[in-house]
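Got your viewer open and ready? Let's take a walk through this structure, one selection at a time.

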Amino acid sequence: MTDPRPLLMIPGPIEISPAVQAAYSVPPPSHTAPDLIEAFGTCLERMRRVWRAEASAQPFLFAGGGTAAMEMAAVNLLEPGERALVVATGYFSDRMVEMLRRLGAEVEVVRAAVGDAPSPAEVAEALAALGRRGPVKALFATHVDTSTGVLLDPEPLAGLAREAGVLSVFDGVCATAGERFEMAEWGADVYLTASQKALGLPPGLALLVASERALEARAGRRAAAPPMALDWHEWLPIHRAYEERRPSYFSTPATNLVLALAVGLEEILAAGMEARWEVHRTAAERLRTAWAELGLKAVPVRPELAAHTLSALRFPEGVDAALVGRIAALGVVVAGGLHPAIKSEYFRVGHMGYAVTRPEMLARTVRAVARALEDAGRPGDGPAALAALETTAAAG
Ligand code: PMP
């Protein structure tokens, strides 16, 4: 029997678990209600565990999206005229560049061709070159760029930033809780995300965890305070109060989403972070084999650059963006291209959160893509693609 509701397989928002939906679907609690205070405090404690952050790191959680989380990191860390390096792997890294320039920062960019990523050696070189002009404040990188499906390894980048005395900020909007991230062990300073991706919630929350070093950078700021709605100094007392289970107010939190987040984070932690990353890795590997059986090639130029949270897939010869509509007509919603340089040449399938724990959702997606390709006159091996979902591809 087919589900009459389309399956949402874009790279966010995504399908959410029934428990998260139930937690969200209640009459809105007050921001000072005891159950809301308890949920908020619990969320902050659980965020540290999902981020693998130190006890001294500070989680922030507020109504907004990924862009607001990016902006919160930028405005608290950078003062006008300060230098920053952006490792660019797609549309969202370019957004970071624009955001930093608007703040009056001196921004240098290290980039590779679309679908590729700069190597740590290239990043180190770019950081050293920028450092010759004067002190560098921060390095920004996108863990998974949703426009290209390119996955970066944050560990060496966080390491070389530490060595150079530079803060490191990672945009994990399309990665957090889907890709391995070890904030404390790697020494990263900010890891930010939004609720609608691998965390498995509806859109509406901006989330980040800041290291002690990052908080000190804000505390030692010489320029005028950052915009009020994003200023860590406005939010710190609120978050500390919630964690101590005291009511507090600066700006009204998205109370239903906070209730849902407590449940979502509990689901993630119940399995454990290793298992959470593994279920995304396995699903991605199986899908990668399935796409190959359908004759689809990935935008990331090497397998190790391919994200585990989404697939960015080039249209085969003779197929165009109408394929996305054909897939939708079969009851599965996937996304078109986003990166301006290749926008009309590829499409994107999200595979994160609840869907990767539901084999039937992945199978429904592969079936719809296979059928749409057939309808478009470029059939692949559908049965082999479906069979690939049953077995893990050889590692590597
Ligand atoms: N960064 C990345 C990597 C993203 O994928 C997105 C959203 N697709 C954003 C930032 C911006 O998030 P939002 O749309 O919630 O503002």
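How many bridges join S11 to strand S12? Select residues 310-314, which make up S12, together with S11, and look across the gap: two bridges join them, and the strands run antiparallel. While you're there, click on alanine 298 and find leucine 313 of S12 standing opposite. One thing to keep in mind as you go: this is a predicted model.

**Stop 1: the rest of the sheet**

Now add the other strands. You should have an open sheet of four strands, in the order S11-S12-S15-S14, with antiparallel pairing. Why is one side of S11 and of S14 left without a neighbour in the sheet? Colour S11 (297-298) and S14 (335-336) to see it: these strands stand at the edges and each has a single partner strand, so there is nothing from the sheet on the other side.

**Stop 2: the ligand**

Next, select the ligand and show the residues around it. There are 13 of them, and Gly66, Thr67, Thr146, Asp171 and Lys197 come nearest. By type, this shell has four nonpolar, six polar and three charged residues.

Where do they come from? Highlight helix H3 (66-77) and helix H4 (91-102), since both are worth a look here: each supplies at least two residues of the shell. H3 gives the most, with three residues.

Zoom in on some side chains now:

- Threonine 67: an N or O atom of its side chain is 2.6 Å from an oxygen atom of the ligand.
- Threonine 146: here an N or O atom in the side chain is 2.3 Å from a ligand oxygen.
- Glutamine 196: a polar side-chain atom lies 2.9 Å from an oxygen atom of the ligand.

How much of the ligand does the protein bury? Taken alone, the ligand exposes 390 Å², and the protein buries 83% of that.

**Stop 3: the largest pocket**

Turn on a pocket display if your viewer has one. The largest pocket has a volume of about 590 Å³. To find its centre, select Leu151, Glu304, Leu305, Ala306 and His308, the closest to it among the 28 lining residues.

Then bring up helix H6 (154-163) and helix H11 (273-293), which each supply at least two residues of the lining. H11 provides the largest share, six residues. Sorted by type, the lining has 13 nonpolar, five polar and 10 charged residues.

**Stop 4: two backbone oddities**

Most residues other than glycine have a negative phi, and most peptide bonds are trans. With that in mind, go to proline 13, in the loop between strand S1 (7-8) and helix H1 (18-24). The peptide bond from glycine 12 to proline 13 is cis, with omega near -5°.

For the last selection, pick arginine 52, in the loop between helix H2 (34-51) and strand S2 (58-63). Is phi positive or negative here, at arginine 52? Positive: phi is near 55°, in a residue other than glycine.

Methods:
Residues numbered from 1 in each chain as written. Predicted model: local features only at pLDDT ≥ 70, side-chain atom pairs only at ≥ 80, totals over all residues. Heavy atoms only, no water. Near = heavy atom within 4 Å. Polar contact = N/O pair within 3.5 Å; in protein donor to acceptor, adjacent residues only side chain to side chain. Areas by Shrake-Rupley, 256 points an atom, 1.4 Å probe, with all protein chains shown as cover. Nonpolar A, V, L, I, M, F, W, Y, C, P; charged D, E, K, R; others polar. 1 Å grid on protein atoms, 1.4 Å probe; cavity = no way out; pocket = protein on both sides within 12 Å on 5 of 7 lines; lining within 4 Å. Points joined across faces, edges and corners; volume = space filled by probe spheres on them. Pairing = 2+ DSSP bridges.
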